[in-house]
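Me: I'm new to this structure and would like a close look at just one part of it. Please pick a good spot and walk me through what surrounds it.

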Amino acid sequence: MNNVLEARHINKYFKKPTLYHVLKDINFEIKKGEFVSIMGKSGCGKSTLLYILSTMDTDYEGELLLNNELITGQDRDYLSHIRNKHIGFVFQFHYLLSEFSVLENVMLPAKKLAEKSEQEIKQDAIEKLKMLNIEHLANKRASNVSGGEKQRIAIARALINNPSIIMGDEPTGNLDSYNSENVFNIFKQLSADHNLSLLVVTHDEDFAKRTNRIITMEDGRIIS
Ligand SMILES: Nc1ncnc2c1ncn2[C@@H]1O[C@H](COP(=O)(O)OP(=O)(O)OP(=O)(O)O)[C@@H](O)[C@H]1O
């Protein structure tokens, strides 16, 4: 009952250029507060799986549940709403809008959700920046901060709607070891102190070893 995310018998086929069975009977669950990593060689299907789990790709077989609600088969508008409300994303590249301020970047997903006033959203964004020790950057342009700071801003943005789960696709892939460690510690703290679930695709074994659980994929299957 405590599952935030559940994948049941997920299969995925790419139909072009030839039929390719890319995900093969994927089953797993992520509990509240769990910090889980996904590892596997290049091409084993990690990004394809993350795309499905994040509700972006709906062309698959099987069932996906988010907070015990069946997500599979819901229409696009509903999925977009669910995604914005319950899932925070942190990518290898931060995708911040460079001409906007740091504060405006963090506020954007909450504005899109449109459930709070501008003033409330601003307060929430400042609170997230404080949580990540980057409140002093609030009024800087996003283009004028360092790489490590950009990733912390991206994490603040991922947290703005108080999601149930953070999904990361190589979130430390573009960072040096100091900043990677920083991101790891932030994730660890979010899971331990805020009971947030995290699911992170990574090639970094040192990072993965220190998460609660490693899901290892090989040739489209979970092997451990
Ligand atoms: N749109 C597509 N059409 C056909 N095949 C695809 C498509 N997207 C990915 N693939 C293939 O599916 C397989 C899984 O790709 P995926 O990107 O999920 O791997 P990955 O484990 O994330 O790899 P990496 O670690 O390099 O990011 C690969 O063989 C890839 O070439």
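Reply: A bit of vocabulary to begin: helices (H or I, at least four residues) and strands (E, at least two) are DSSP runs, numbered from the N terminus. Keep in mind that this is a predicted model, where local features need pLDDT of at least 70 and side-chain atom pairs count only at pLDDT 80 or more, while totals for chains, interfaces and linings use all residues. Residue numbers start from 1 along each chain as its sequence is written.

Let's go for strand β8, which covers residues 197-201. Five of its five residues are buried (20 or more other C-beta atoms, placed from the backbone, within 10 Å of a residue's own; 12 or fewer would be exposed, and in between partly exposed). Ser197, Leu199 and Val201 sit on one side of β8, Leu198 and Val200 on the other, and both faces are covered.

Now for the neighbours. Strands count as paired if DSSP finds at least two bridges between them. On that basis β8 has a parallel partner in β3 (residues 35-40), with four bridges, and another in β7 (residues 165-169), with five bridges. Leucine 198 is a handy landmark here: phenylalanine 35 stands opposite this leucine, and so does isoleucine 166.

How does the chain get from β7 to β8? The link is helix α6 (residues 177-194), and together the three make a right-handed β-α-β unit (with the strands pointing away from you, the path from the first strand over the helix to the second runs clockwise).

Stepping past β3, you reach β9 (residues 213-218), joined to β3 by five bridges and running parallel. Isoleucine 38 has isoleucine 215 as its bridge partner in β9. Next comes β10 (residues 221-222), which runs antiparallel to β9 with two bridges, glutamate 218 standing opposite arginine 221. β9 and β10 form a hairpin with two residues between them, and aspartate 219 in that turn has a positive phi of about 50 degrees.

Back to β8 and what its residues touch. Two residues are in contact if their C-beta atoms, placed from the backbone, lie within 7 Å. Leaving out residues up to four places away in sequence, leucine 199 touches Leu5, Ile30, Val36, Ile38, Ile165 and Met167. Leu198 and Leu199 are also among the residues with the most contacts inside the largest nonpolar core, which has 61 residues (a core being buried Ala, Val, Leu, Ile, Met, Phe, Trp, Tyr and Cys joined through C-beta atoms within 7 Å). Helix α5 (residues 147-159) gives the most to this core, with six residues.

Elsewhere there is an open antiparallel sheet of four strands, in the order β2-β1-β4-β5. Its edge strands are β2 (20-31) and β5 (69-70). In this sheet β1 (residues 3-14) meets β4 (residues 61-66) over five bridges, with asparagine 11 opposite glutamate 61. Helix α1 (residues 46-53) lies across β1, β2 and β4, at about 125 degrees to β1.

Zooming out, the protein chain has seven helices and ten strands. Its radius of gyration, 17 Å, is close to the 17 Å that the globule rule gives for 224 residues, so the chain is as compact as a globular protein of that length (the radius is taken over C-alpha atoms, and the rule is 2.2 Å times the number of residues to the power 0.38). Buried residues make up 42% of the 224.

Notes
Axes fitted to C-alpha atoms, helices over the stretch in contact; angles between N-to-C directions.
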